[in-house]
Amino acid sequence: MNSAKKILKNNGDGMQSSVKQSKGISKNMVLLIVGILLVAVLGGGVCWVNLRPRAILTVEGKDKDGKTVTHTVNYPEALYDIYQAEAMPNMYAMYNMSFDWEDTAEDGETYSSTYKKQIMQTLKKREILYMCAQKQGLSLTDEEKKAVQEDVKNARKNMTDKQKKMKGLDEATLTTVMEKDKLGEKYKDSVIATLNIDEDALKKTVDKKSYRQYTLQYYVFAKTETDSEGNSKDKDAKTIAQGKKDMEELQKKAAKAKDFTKNVMTDKNDDKIDDNNKAISYSTKDLVETDEDFLDKKTLKKVKTMKNGEVSDVLETKDGYYVIKMVNNNDPEAYNNQCESVISQEKETQFDATYKNTIKAEYTATAQSYWKGRVNIGYLTTDDTQQ
């Protein structure tokens, strides 16, 4: 009897334990399912936050039928403009200068804020010109689309793998942005063609004498060198004396050579530096009449009297020894380039006035809240692994 009671008692405890364990498993399963659902909801929310369109600009205007149309520009379409702006610190670094996005310009604005405003103006103008092109029925030719593809390829050439994967720096988005640019430029050209621009009169404003170009080829031995700390210093007298002798021998070869660029110095790897004397190098110069950053006044005066095809003796300046060949003492290239620059500037000036007073007035462009509150120029496209 006692044994039976003991067994019954033990079995009762086992049954109670099983019931408790069963309840525990059920509770854990519920918690697990809830947890999975919560992760799924949160994960979906994160994906939506990251992938949903982020409108940064709306532009409203009339189409060719007079109906109101609204274009929405999303954040990825601004990323290449941001990427270009954010290259500024690297450009400063090339000249051993520092750049801080939080530094202020003369107007008191930070550089981050200043570039942000400039980028938004670029986005507005791009979209308005694109809408104008559509309104006029313009489209890109197959050749123009191929040119855009080449532009996209070149734009991504120096990007890191991380940058190339950013939505906005990918090929598809870049193609969209650059095709808009191209089509907008096509419309712009159609407007410029209607403007009253007297190109001949503009050419007459360019002083032909000031833009006379002397096209030169030359070899030089540098009297200075850069030390380990990056400072320039004069070479010792013995090295300079030997350099002069080397240049005198080079001049004899250059004066007799059918081709001034060949067999004058030893340059097996074609790096324009003498294999036997690294201080001697070959270069070219498009010397414009008003240039003062090449040679000294006395040497410049002598060079400008040289005839086409003439090779100079060894010419000495404070910085080096030169052997110069006059390729063309009256090359029209610099003058023609300046004429083109003046004409191009006038076209831009007149178009900007037309855009501001006429074209832009027909559209309403509004920066959206995401751009105003969430976008800070400076590090959006920076790849930290490259720092």
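Q: In what sense do strand E1 and strand E2 pair, and over how many bridges?
A: In this predicted model, E1 covers residues 55-62 and E2 covers residues 68-74. One spot to look at is Gly61, which sits opposite Val69 in E2. The two strands pair in the antiparallel sense, over seven bridges.

Q: Which residue in the turn of the E1 and E2 hairpin has a positive phi?
A: Five residues lie between the two strands of this hairpin. One of the turn residues has a phi of about 85°, and that's Gly66.

Q: What is the order of the strands in the open sheet of three?
A: E1 pairs with E2 over seven bridges, and E1 also pairs with E9 over four bridges, again in the antiparallel sense. In that second pairing, Thr58 stands opposite Thr366 in E9. With E1 having both partners, the order reads E2-E1-E9.

Q: Why is one side of E2 and of strand E9 left without a neighbour in the sheet, and where do these strands stand?
A: E9 spans 364-367, and like E2 it has a single partner strand. One side of each therefore has no neighbour in the sheet, because both stand at the edges.

Q: Which helix packs on the sheet, and what angle does its direction make with that of E1?
A: The sheet itself twists by an average of 15° from one strand to the next. The helix packed on it runs over residues 111-136 and touches E1, E2 and E9. It's H4, and the angle with E1 is about 35°.

Q: How many Å does helix H9 reach from its first C-alpha to its last?
A: H9 takes in residues 237-256, so to speak a run of 20 residues. At 1.5 Å a residue you'd expect 28 Å, and the model comes close to that with 30 Å.

Q: Why are the buried residues of H9 on the same side, and what arc do they cover?
A: The buried set is Ile240, Gly243, Met247, Leu250, Gln251 and Ala254. Around the axis they're confined to a limited arc, which puts them on the same side of H9; that arc is only 115°.

Q: Which exposed residues does the face of H9 turned away from its buried side carry?
A: The buried residues of H9 are covered by elements including strand E3 (213-222), strand E6 (280-288) and strand E8 (320-331). Turned away from that buried side is a face with exposed residues: Lys238, Lys245 and Lys256.

Q: Where is the pLDDT below 50, or under 50?
A: Taken as a whole, the protein has a mean pLDDT of 89, with 86% of its residues at 70 or more. One weak stretch has zero contacts beyond near neighbours in sequence, and that is residues 1-12. Another has zero contacts beyond four places in sequence: residues 14-20.

Terms used: Residues are numbered from 1 along each chain as its sequence is written. This is a predicted model: local features need pLDDT of at least 70, side-chain atom pairs count only at pLDDT 80 or more; totals for chains, interfaces and linings use all residues. Side-chain values use heavy atoms; hydrogens and water are left out. Two strands pair if DSSP finds at least two bridges between them. pLDDT is the predictor's confidence in each residue, from 0 to 100. Contact means heavy atoms within 4.5 Å. Axes are lines fitted to C-alpha atoms, for helices over the stretch in contact, and angles run from 0 to 180 degrees between N-to-C directions. The expected span of a helix is 1.5 Å times one less than its number of residues. Buried means under 20% relative accessible area, exposed over 50%, partly exposed in between (1.4 Å probe, protein chains only). The arc is that of the directions from the helix axis to the C-beta atoms.
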